[in-house]
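Student: I have a model open in front of me and would like a close look at one part of it. Could you take me through one helix carefully, and then place that helix in its surroundings?

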Amino acid sequence: NCKHCLIFSITTNADLTSLPEKHLVLLRDGRTLIGYLRSIDQFANLVLHQTVERIHVGKKYGDIPRGIFVVRGENVVLLGEIDLEKESDTPLQQVSIEEILEEQRVEQQAKQESEKLKVQALKERGLSIPRADTLDEY
Amino acid sequence: MLEEMEEQNDLGDPAVMRAVHSKPTLESLDSAVLDSRIGSTWGEFEGDDLDKAILQALDRAPPMSHMNLDFLVSPAQRGYLGSPGLKCPDFRMMSPKSFPQRFMRQQSPMMPRSMGSPRPYTPPCRASPLFTPNQSSGYVSPTPFRPMSRNISTPTQPLAMHFGPMSPSLEPPLFFSPPASCQLKFSVPSHMTQLHPQHQRILNQRQQRGQARSISPKKAWSPKADPYSGLMTRKEKDWVIKVQMMQLQSENPHLDDYYYQAYYHRLERKQAEEELLGGRNKQEPPKLVTPYIQKMEIYDSVVRIAGSLGQVAVSTCYSPRRAIDAVHHALQEETAGNQRLRALHRIEKMFLQLLEVEETQRKMSLLPEEQHPRFREKKNHEAGRIYQALKIRACDSEEEAEDEFLQVLCVRKGKKLTARLLPHLAREQAEEILVAITRHLPFLMRKDVLDESLPVLYGPLSEMVGRMTFSELIEVLQELTRPLAGATELPLTMTFKNQFGISLLYALLSQGERLLSSDVPLEPHSGDFEKWTDTVFLVARELSQVPKTALVEPLFLPSNLLSLFCRYLDKQTIHRLEAKMECSPLPSEAAMPC
């Protein structure tokens, strides 16, 4: 039940003396945002402060600073708190933005090509899978 | 608005604002507006006097008791919070210009103070109403809450969450922010809303850690440098939480929130076990208890405007977005159409009915004995309807594939449906099902080769068998001994290779033996005993002939089978059967009657 999670993220961070918690948000289009959750409402609309879009490719990741994000609730898949202590404790390697974007482009290309081959193979067998334009991309 | 400002001075406490019959505020009309006065009205009153007054008010506000807004916060968390949400001391550090804004936000914690003596938090008491209708102190708060002015058990004027436009004909809004006393109205257990177990654990951990290393905070985020962390006030957070809690509450949590309930029961059971084994202190898994807030309005989530095409979906906080009703108008095609699809469709419909039957059963078990007959009747009626829908009837082996009941049984879900339905059926109906299954057992076994889901029927069927009379038993066994047209093997023999089949056979035999060795008069029909002995001999013969490797292990091996064989067979045969069936040997040779 997603309500439990929302309740969680709201009830903590209750006073000024505590450190603000970073939250990780996964969106329906596959983007991962990390930022300080400043506001939330009953539809899970979010206001993220000092947001960073994190792109993962393999074992590498890169952060693109994005500033303030206002996310419409229906696009949120999940939202979680980041343990600030464990944040740095990751086997993943951080790289520069340019590098990660390049890696991502390469990955997308490989995926597109394999997709093309699949569609071709299906066509040869007389099958066709309709393009799922409205489905969430990953 | 002006009147309000003047009146506050009368009370001598500028923190208090009296509720007046002003025209509906923007907040009451539009739930999206939390505070329409920020930056607007206050601008008119800027000046040192006001600031001084505010400062005085702030000075006077002592550390509040825990009653103000922490109703939704667990005791553990309250401890963590330290002095509750008043940000008073920090205000002085802020610029005076921003005071009014912050003051507006922070009004609520101070408000309860004005309402008579601060009440220590008490568990909800049912007798006395907390707000008499005459009570006039209160103030306009930014949020469109209404007070619960009657007692808890029957909230006749329950907390209404009005969203969207409110009609002006409603009674003058006495807007209160949710003071703690108001929250007592919720049927919350005395230890307030508890958090999810995981949540609780993490908060406790954090609390411990926080206390341990409060010395070295991270430099990057000192409180002064993070002015945004208070963007959402306690009040606003609580409000959102309340909305969510309201959406969570349901009349029938077992049905609506099945997975969480099942998970929670499992957790409870596991903890109970651990408690028994480990002897630890009783730990109850804290449950997320939603406070009961009665929804005042019944709204139509889909509005049809006469003469227009389509529907307008009204979205409120209860259901932010409700999909337009999609009603399946497709007529059921009786003649054409895929048979299997039809069977699946029927199964789904019957399953929903079954869930209702089980729900009735569950409700019945919770109620006192006197009310049982009414429920039982309802349940039997509903179960009977499903039985009718199953369309069990006699059919030949050629018609098996077309028979509707057998089609249902070929589907795994159909078997589950039948298995769950059996305990609720009348005796004759359940027997019909058993007879039908046994009659078509070879067919069913053949169809179940891939799925292997027949064993789901074993439990309820074996229970049924345990209650059968001798004659009924014979009737069922006849189905297994009757030779099939076009088959070399007896159905009996075919069961050896199927786990369910052999288990059912053993169960039947075991029941027979039990009946014979008991003192209950059997009242057999004529010819029953012969049929019985014939069957036993037949079973023994087939069992001894079938190679051991072909014999499948049953789901359950009754212990009285050997005793059964002892009645009729010689020692040698028995030993052979014993070895084949891998029964535990009889106590001692001398004790054997044969």
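Tutor: Happy to; we begin with one helix of chain B, H12(B), and then turn to confidence, salt bridges and a set of strands.

A word on the ground rules. This is a predicted model, where local features need pLDDT of at least 70, side-chain atom pairs count only at pLDDT 80 or more, and totals for chains, interfaces and linings use all residues. Residues are numbered from 1 along each chain as its sequence is written, chains are lettered from A and ligands numbered from 1 in the order in which they are written, and side-chain values use heavy atoms, with hydrogens and water left out.

Helix H12 of chain B covers residues 258-278. Helices here are DSSP runs of H or I with at least four residues, strands are runs of E with at least two, and both are numbered from the N terminus. At 1.5 Å a residue, the 21 residues of H12(B) should span 30 Å, and the end C-alpha atoms lie 29 Å apart, which agrees. The expected span is 1.5 Å times one less than the number of residues.

Now look at which side chains are covered. The buried residues of H12(B) are Tyr260(B), Gln261(B), Tyr264(B), Leu267(B) and Gln271(B). They cover an arc of only 125 degrees around the axis, which puts them on the same side of H12(B). That arc is taken from the directions from the helix axis to the C-beta atoms. Buried means under 20% relative accessible area, exposed means over 50%, and partly exposed lies in between (1.4 Å probe, protein chains only). The face turned away from the buried side carries the exposed residues Tyr259(B), Arg266(B), Arg269(B), Leu276(B) and Leu277(B). An α-helix has 3.6 residues a turn, so residues three or four places apart point the same way.

Next, the chain around this helix. Chain B has 25 helices and 2 strands, and 45% of its 594 residues count as buried. Among contacts in chain B with a separation of 6 or more, 72% come from residues 24 or more positions apart; a contact means heavy atoms within 4.5 Å.

How confident is the predictor here? The mean pLDDT of chain B is 68, and 52% of its residues reach 70 or more; pLDDT is the predictor's confidence in each residue, from 0 to 100. Among the elements of chain B, helix H8 (residues 180-183) has the lowest mean pLDDT, 36, and helix H16 (residues 412-421) the highest, 93. Over residues 14-19 of chain B the pLDDT is below 50, and this stretch has 28 contacts beyond near neighbours in sequence. Residues 214-221 of chain B also have a pLDDT below 50, with 8 such contacts. Where pLDDT is low, the predicted coordinates should not be read in detail. The model scores ipTM 0.76 and pTM 0.52.

Other helices of chain B hold salt bridges, each being a side-chain nitrogen of Lys or Arg within 4 Å of a carboxyl oxygen of Asp or Glu. By that rule there are 25 over all chains. In helix H10 (residues 234-248) of chain B, Asp238(B) and Arg234(B) sit 4 residues apart, about one turn of the helix, and their side chains meet at 3.6 Å, N to O. Asp238(B) is buried at 2% relative accessible area, and Arg234(B) counts as buried at 10%. In helix H14 (residues 372-390) of chain B, Glu382(B) and Lys378(B) are likewise 4 residues apart, with a salt bridge of 3.9 Å, N to O. Here Glu382(B) is buried at 12%, whereas Lys378(B) is partly exposed at 41%.

Chain A makes a good contrast to explore, with an average pLDDT of 84 and 80% of the residues scoring at least 70. Its strand E1 (residues 22-27) has 5 of its 6 residues buried. E1(A) runs antiparallel to strand E2 (residues 32-40) of chain A, joined by 5 bridges, and antiparallel to strand E5 (residues 76-82) of chain A, joined by 6. Two strands pair if DSSP finds at least two bridges between them. Val25(A) has Leu33(A) as its bridge partner in E2(A), while Lys22(A) has Ile82(A) in E5(A).
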